[in-house]
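Work through the short exercises below. Keep the sequence and the 3D view open as you go.

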Amino acid sequence: MALSQETLSETRHHLEAELDELTKELSEYGATPGGGSIEVSLDEGFADAAQATSERAKVLSFVEGLQQRLTDVRAALDRLNRGDYGRCDRCGGEIGPERLEAVPTARLCIRCAQKR
């Protein structure tokens, strides 16, 4: 069952809003939305170097997660633009509407995702 134009339009709107939010959040952390190096500066009041290193690692991990999410959202928008949104990258079958509603950036149908 193919997705309706209304559903595709709503999905596009949701993904574009998420793209804007992720871009804004990455900028707040001093990261560029395209990836690359990340500058993390912590308050100079950190007296304990180990704690500062730990905090820096947490921030970097969080930013990497944001960048991955941004990549996934961009890829979903590209699939929408190409007209193959909702098709499994592995088997070419349809990704169920329930899965796409839960995970709009899904690239695999539930069967292929379970095999992986």
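Three exercises follow, each with a worked solution.

This is a predicted model: local features need pLDDT of at least 70, side-chain atom pairs count only at pLDDT 80 or more, and totals for chains, interfaces and linings use all residues. Residues are numbered from 1 along each chain as its sequence is written, and side-chain values use heavy atoms, with hydrogens and water left out.

**Exercise 1.** Find how many helices and strands the chain has.

Solution. Start with the rule: helices (H or I, at least four residues) and strands (E, at least two) are DSSP runs, numbered from the N terminus. The chain has 4 helices and 0 strands. Read from the N terminus, the order is α-α-α-α.

**Exercise 2.** Decide whether E18 and E21 are buried, partly exposed or exposed.

Solution. Locate them: E18 sits in helix 1 (residues 5-28), and E21 lies in helix 1. Take the cut-offs: buried is under 20% relative accessible area, exposed over 50%, partly exposed in between (1.4 Å probe, protein chains only). E18 has 17%, so E18 is buried. E21 has 45%, so E21 is partly exposed. Across the chain, 29% of the 116 residues count as buried.

**Exercise 3.** Name the residues that E18 touches, leaving out those up to four places away in sequence.

Solution. Apply the contact rule: heavy atoms within 4.5 Å. E18 then touches R69 and V73. Now widen the view to contacts in the chain with a separation of 6 or more: residues 24 or more positions apart account for 56% of them.
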